[in-house]
Amino acid sequence: MRLLSKLVLIFVLIIVVTLTTLIGILHTRYNQPLVNFILAQVSPYQVSAKKIDYDIRIPYQLRFEHVEITDNQQVLIHADSIQLWLSKHSITGDKLVFDGVQINNITSANMPLLTTLPPFTIKRLVLNNTNLNTPTFAIKHGLIQMDNWQTPTANTPWWQSFNGNLKMSATNIRWHQVALQQVLINANKHDQQWQFKGISGLWQQAKITAQAQFNNANHSLTIDQLTVNQFRLQDQQLLNDWQQQFTSQAMPFKAITLKRLDVVNSSIELPQWGADDINLSLDNWQWPQNYWQQQNSRLSFSASHAQWQQLNVEQPLAELQFMPQQIISHGISAQILDGFVRVDGWIDPQQLFISDLKASGIKWFIDKDWPQTWQQWQQKYTDIIVKKLNINNSQITSSASTVPFQLAGIDINAKNAVLKQNNQWGLWQGNVDADLGFGSINQVVINQAIATMHSNAGQWQLDKLVLPFNHGMLKARARISLDDPQRPWQLTLIGDTVPAQTLSQWLSLPLPLTGVIDTQIKLHGQAGIKADFKTHLNGTAHVDFRQLALMNITSQQLFTHWQQPHFAAINPPAKTAASSLPLTATPLTITAQDGTIQLPTTTITANNFAINLNSHWNLADSKQQQFQLKLTTDCQQLIRSWDHGVSSATVDSSCTGNTKYVPVKVEDTALPH
């Protein structure tokens with residue numbers, strides 16, 4: 001026992017002498033190489049300090065100045081000073097513990113992982129005036145305070161290796177392409193759970209504030225509240241970079257729940273779209289789910305002005321609700337196209353339901369591609385239903401299309417109308433009334449037109465269609481059974497003093513005429529499929545011509561025009577100085593029987609001018625399709641024949657004695673309409 005006691009006493013004396021010697025050295029000019037030597041033994045990096053301050057009166061405190069951490073002679077970290085407060089428990093414990101570590105003016109371009117350091121704990125880590133600059137992250141003039149920081153484990157960044165409170169402020173922070181200024185963060189971390197009690201800063205000249213929670217285990221982020229005030233964006237490339245970053249693999253979040261987002265007094269100005277004075281609120285949005293997968297999200301939006309491509313919108317307002325497979329409008333309104341529009345309803349991936357639509361004073365100028373635009377829009381929906389629609393005093397103009405038109409004073413009212421069902425257009429149910437104050441369709445003027453229709457269980461009936469011209473009128477009635485697969489239909493047209501220009505300017509007939517037409521047409525058939533229409537067309541059309549004359553073309557010009565292979569597709573001629581040529585025409589009677597159309601010989605004559613027409617045409621059988629048109633003017637004669645799908649033209653001139661035969665292969669559509 002005495003020997004053991006002596007050995008213990010000697011060991012204690014050695015420790016005391018060693019500590020006394022070390023403490024003594026720390027008070028001399030040899031402290032720097034001694035501490036640098038010790039640090040080099042416990043760290044995988046090369047650590048050096050130019051000056052070390054130690055005072056025996058404060059035995060647990062040590063200060064290093066001008067500290068550098070290097071690796072293979074490359075400086076990783078530089079700090080003006082590092083101050084250590086060693087915990088008293090470190091003397092008796094088996095792990096190095098610091099009550100506090102403060103690092104001042106730290107700079108780094110490549111922060112080391114620190115995972116190879118010996119295990120130790122820092123109860124309070126303070127990084128004062130921190131400046132880091134890496135390819136993905138940068139911070140300038142940052143103050144960072146962490147509680148219970150300890151040596152990082154594998155795959156854990158140094159800034160996540162703590163449990164407790166986190167407070168941070170910085171003049172600038174950059175993460176990939178997102179840059180923030182004047183940042184303040186107050187957070188708490190426990191294991192894999194982060195709670196951000198408050199985040200504030202400046203982003204794109206906007207002030208942002210936020211509260212959020214982040215689960216690092218499943219990489220899910222919950223944003224309790226995010227407010228963006230006075231946001232400005234004018235750079236399309238910057239937006240593209242943000243979108244690419246948000247969808248890239250570097251994105252640390254696999255799921256984001258946005259409980260509340262407010263964008264206040266902001267503006268966006270990009271080449272394709274933009275808006276001023278934006279105020280937006282979004283509740284309960286889930287990402288990466290798309291808008292059809294939201295459980296119950298709401299969006300409120302307003303702006304003083306918005307622009308999409310060439311369309312300008314004033315005072316847009318929107319209140320939307322996003323449900324699974326459904327988007328509900330509780331009110332969308334805007335001043336648009338010199339008028340006002342408001343719409344309520346809902347859409348899903350296949351249906352459009354309009355509960356209430358009001359439009360007033362709209363002036364819509366559509367371009368030549370409007371049929372393609374309409375086709376792309378409407379084909380998204382298999383069903384379109386309108387419970388209530390009211391359009392008044394509106395106007396549509398198309399000057400660039402094949403058939404230019406202007407419709408003004410449009411009034412349309414619809415109630416409980418099913419306009420499209422199972423991808424089939426038609427009035428399947430409901431009532432539609434329409435009035436037109438003025439219309440000009442390819443230079444043919446209409447005044448005070450009226451249309452009324454209704455449908456019950458697929459029985460669509462055009463009750464009245466009246467197209468008043470300047471000195472005439474065209475009336476129509478029709479019905480069709482939409483619910484019958486064969487689609488039986490009936491049509492009655494009665495025309496009194498209808499302008500003859502409608503033949504060339506509405507129906508593309510290659511015979512520009514002036515004068516008036518009296519007509520009575522009664523047709524019926526089936527329209528289930530194209531073959532049904534061709535084999536079941538029945539009815540008669542009787543047409544009388546009065547005050548007939550060629551319009552803006554001479555007989556010789558017409559003769560030359562009709563020699564063209566596809567003369568039916570040529571637009572009506574422009575006005576010329578040619579005087580009109582009065583014509584006399586026999587009444588035109590056309591009969592249709594089970595798809596076979598019979599046109600008896602019909603003549604149009606004038607001085608040294610004659611046109612003869614006759615036809616026997618079976619819509620379903622090309623072998624029974626014959627049509628002949630003979631034009632005689634002065635000493636010339638043109639005969640065009642369509643027989644079995646082949647068109648031939650013969651020109652005979654007694655002026656020169658020459659005859660020319662020109663066979664031309666054509667489709668049915670090459671015939672005069």
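**Notes on the predicted model**

1. Let's begin with a salt bridge: Asp-262 and Arg-260 pair through their side chains, with N and O 3.0 Å apart. Asp-262 counts as buried, at 14% relative accessibility, while Arg-260 is partly exposed at 32%. The pairing does not stand alone, as shared partners join Arg-260, Asp-262 and Asp-283 into one network of salt bridges. Please keep in mind that this is a predicted model.

2. How many salt bridges does a search of the whole structure find? The count is 9. One of them joins the side chains of Arg-124 and Asp-147, at 2.5 Å from N to O. Arg-124 sits in strand E5 (residues 120-133) and Asp-147 in strand E6 (residues 137-150), so this bridge ties together parts that are 23 residues apart in sequence. Arg-124 has a relative accessible area of 39% and is partly exposed, whereas Asp-147 is buried at 13%.

3. Another bridge to look at is the one between Lys-259 and Asp-224, whose closest N and O atoms are 3.5 Å apart. Here strand E13 (residues 255-269) supplies Lys-259 and strand E11 (residues 220-229) supplies Asp-224, so the parts tied together are 35 residues apart in sequence. Lys-259 is partly exposed, at 45% relative accessible area, and Asp-224 is also partly exposed, at 23%.

4. Now for the overall picture. The chain contains 8 helices and 39 strands. Of its 673 residues, 40% are buried. Among contacts with a separation of 6 or more, 46% are between residues 24 or more positions apart. The accessible surface is about 37500 Å², and carbon and sulfur atoms account for 56% of that area.

5. If you enjoy looking at interiors, start with the largest nonpolar core, which has 87 residues. The members touching the most others are Phe-64, Ile-82, Val-101, Met-146, Trp-149, Phe-231 and Leu-233. Beyond four places in sequence, Ile-82 has contacts that include Leu-62, Phe-64, Val-67, Val-101 and Ile-103. A separate second core has 39 residues, among them Leu-467, Ile-553, Leu-583 and Trp-642.

6. On the outside, four tryptophans catch the eye: Trp-370, Trp-374, Trp-377 and Trp-425 make a nonpolar surface patch of about 400 Å². Helix H5 (residues 370-378) gives the most to this patch, with 3 residues. Trp-374 belongs to helix H5 and is partly exposed, at 40% relative accessible area. That value fits patch membership because a patch residue needs over 30% relative accessible area.

7. Ser-398, in strand E22 (residues 383-398), is worth a click too. Is Ser-398 buried or exposed? Ser-398 is buried, with a relative accessible area of 1%. Its contacts beyond four places in sequence are Ile-366, Asp-367, Trp-370, Pro-404 and Phe-405; of these, Trp-370 also takes part in the nonpolar patch.

8. Asn-612 lies in strand E35 (residues 609-618) and is partly exposed at 23% relative accessibility. Its C-alpha atom is 6.6 Å from that of Thr-601, a residue 11 places away along the chain. Leaving out residues up to four places away, Asn-612 touches Thr-601, Thr-602, Thr-603, Gln-628, Leu-629 and Lys-630.

9. Finally, a word on confidence. The chain has a mean pLDDT of 84, with 86% of its residues at 70 or more. Residues 1-27 stay under 50, and the model gives this stretch 12 contacts beyond four places in sequence. Residues 664-673 are likewise below 50 and have 28 contacts beyond near neighbours in sequence.

Note on methods:
Residues numbered from 1 in each chain as written. Predicted model: local features only at pLDDT ≥ 70, side-chain atom pairs only at ≥ 80, totals over all residues. Heavy atoms only, no water. Patch = residues over 30% accessible without salt bridge, like charges linked within 9 Å, V, L, I, M, F, W, Y side chains within 5 Å. Areas by Shrake-Rupley, 256 points an atom, 1.4 Å probe, with all protein chains shown as cover. Helix = DSSP H or I, 4+ residues; strand = E, 2+ residues; numbered from the N terminus. Buried < 20%, exposed > 50% of the residue type's maximum accessible area, 1.4 Å probe, protein only. Contact = heavy atoms within 4.5 Å. pLDDT = per-residue confidence, 0-100. Core = buried A, V, L, I, M, F, W, Y, C linked by side-chain atoms within 4.5 Å.
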